[in-house]
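Let's take a walk through this model together, from its loops to its sheet and on to its ligand. Keep the structure open beside you as you read.

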Amino acid sequence: MAKISSIEWTNATWNPWHGCIKVSPGCKHCYMFRDKRRYGQEPARIVRSKTTFHEPISWHSPMLIFACSWSDWFIEAADDWRDEAWDVIRNTPYHTYQILTKRPERILDHLPVDWNSGWNNVWMGVSIENQDYVYRKELLDGVPAKVRFISAEPLIGPIKFGSLDKIDWVITGGESGPRARPMNPEWATSIKDQCLEASVPFFHKQNGGTTREDGAWGGRLLDERTWDAMPVSGIVPLN
Ligand code: SF4
């Protein structure tokens, strides 16, 4: 397995399409918008990749893969391409795919026909940035999946999830980048405590901000230690 992404909770990113439309405050400083503009590209134009659509097929050792780091797997503009992307996942069962969306209301209508109770190699997640978007967890609760997860990044307000009975993994992280909104560590600590109480694996990615400490934006320590729990034993991101 090789590590080809700097994101702490995965090994690689895969973008069968790129470009996106902002949907909520967590998108405000989306790094994809910043990076695409730097390359002279229009970030709100969603395009099918000419070079990376089938990329995981060329990775022969098992990888933990974050799908659509530069878009959203369930975005409307990709409806005509998604079946072919599901085929890539279906044909590479040795990889594990992390699908993270801010459009959970679209999941149930856009799963593959043989999804049944979820494919073994797909983890399905939602992004939740503050209390206003906890409804995304409630929608995810109703999606059959082998692993359901929440990414609370950028964490821009306190969150009380309510029940975590259907959730297998929670990630927190503060915003990074030039205009990063500060994360109050108490918000991340509260989420960590909710996870410990519910026996849900908890992963703290970064504190956020504009400087790196030990390789992570704002450092990774929360309550004086790192939190690196994963939902499935034996599948871990590399350092
Ligand atoms: S959904 Fe994700 S990729 Fe799309 S604009 Fe928001 S943060 Fe960026």
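## A guided tour

Our starting point is Ser-199, which counts as exposed because it has 7 C-beta neighbours inside 10 Å. In this predicted model, Ser-199 sits in the loop between α4 and β9. Its backbone deserves a look too: the phi of Ser-199 is near 55°, a positive value in a residue other than glycine. As a reminder, most residues other than glycine have a negative phi.

A second residue of this kind is Asn-116, found in the loop between β5 (96-101) and β6. Asn-116 is not a glycine, yet has a positive phi of about 50°. Is Asn-116 buried or exposed? With 9 other C-beta atoms within 10 Å, Asn-116 is exposed, since 12 or fewer is the limit for that class.

One more backbone feature is worth finding before we move inward. Glu-153 and Pro-154 are joined by a cis peptide bond, with omega at about 0°. Most peptide bonds, by comparison, are trans. Look for Pro-154 in the loop between β7 and β8.

Now to the sheet. Seven strands form an open sheet with parallel pairing, in the order β1-β4-β5-β6-β7-β8-β9. At its edges are β1 (12-14) and β9 (202-206), each of which pairs on one side only. On average, neighbouring strands of this sheet are turned by 25° against each other, direction ignored. Helix α4, residues 185-198, packs on the sheet and touches β7, β8 (169-173) and β9. The direction of α4 makes about 160° with that of β9.

Let's follow the pairing from β5 through β6 to β7. β5 and β6 run parallel and are joined by five bridges; here Ile-99 stands opposite Met-124 in β6. On the next step, strand β6 (residues 122-127) pairs with strand β7 (residues 147-152), again in the parallel sense and over five bridges. Along this pair you can find Val-126 opposite Ile-150 in β7, while Ser-127 has Ser-151 of β7 as its bridge partner.

How many of the six residues of β6 are buried? The answer is six of six. In a regular strand the side chains alternate between the two faces of the sheet. Both faces of β6 are covered, with Val-122, Met-124 and Val-126 buried on one side and Trp-123, Gly-125 and Ser-127 buried on the other. Strand β7 is mostly covered as well, with six of its six residues buried. On one side of β7 these are Val-147, Phe-149 and Ser-151, and on the other Arg-148, Ile-150 and Ala-152.

Several of these residues return when we turn to the largest nonpolar core, which has 55 residues. Ile-65, Ala-67, Ile-99, Val-122, Phe-149, Ala-152 and Val-170 touch the most other members of this core. Take Ile-99 as an example: leaving aside residues up to four places away in sequence, Ile-99 touches Ala-67, Trp-73, Val-122, Trp-123, Met-124 and Gly-125.

From the helix, Ile-191 offers another view, as its place is in α4. Why does Ile-191 count as buried? Ile-191 counts as buried because it has 26 C-beta neighbours inside 10 Å, and 20 or more is what that class requires. Its contacts, not counting residues up to four places away in sequence, are with Ala-152, Ile-159, Val-170 and Thr-172. For a sense of distance, compare Ile-191 with Ser-58: the two are 133 residues apart in sequence and 38 Å apart in space, C-alpha to C-alpha.

Our last stop is the ligand. Which residues are around the ligand? They are Cys-20, Lys-22, Val-23, Cys-27, Cys-30, Met-32, Ser-71, Asp-72 and Lys-102. By character, this shell divides into five nonpolar, one polar and three charged residues.

How values were computed. Residues numbered from 1 in each chain as written. Predicted model: local features only at pLDDT ≥ 70, side-chain atom pairs only at ≥ 80, totals over all residues. Near = placed C-beta within 6 Å. Nonpolar A, V, L, I, M, F, W, Y, C, P; charged D, E, K, R; others polar. Pairing = 2+ DSSP bridges. Helix = DSSP H or I, 4+ residues; strand = E, 2+ residues; numbered from the N terminus. Axes fitted to C-alpha atoms, helices over the stretch in contact; angles between N-to-C directions. Contact = placed C-beta atoms within 7 Å. Core = buried A, V, L, I, M, F, W, Y, C linked by C-beta atoms within 7 Å.
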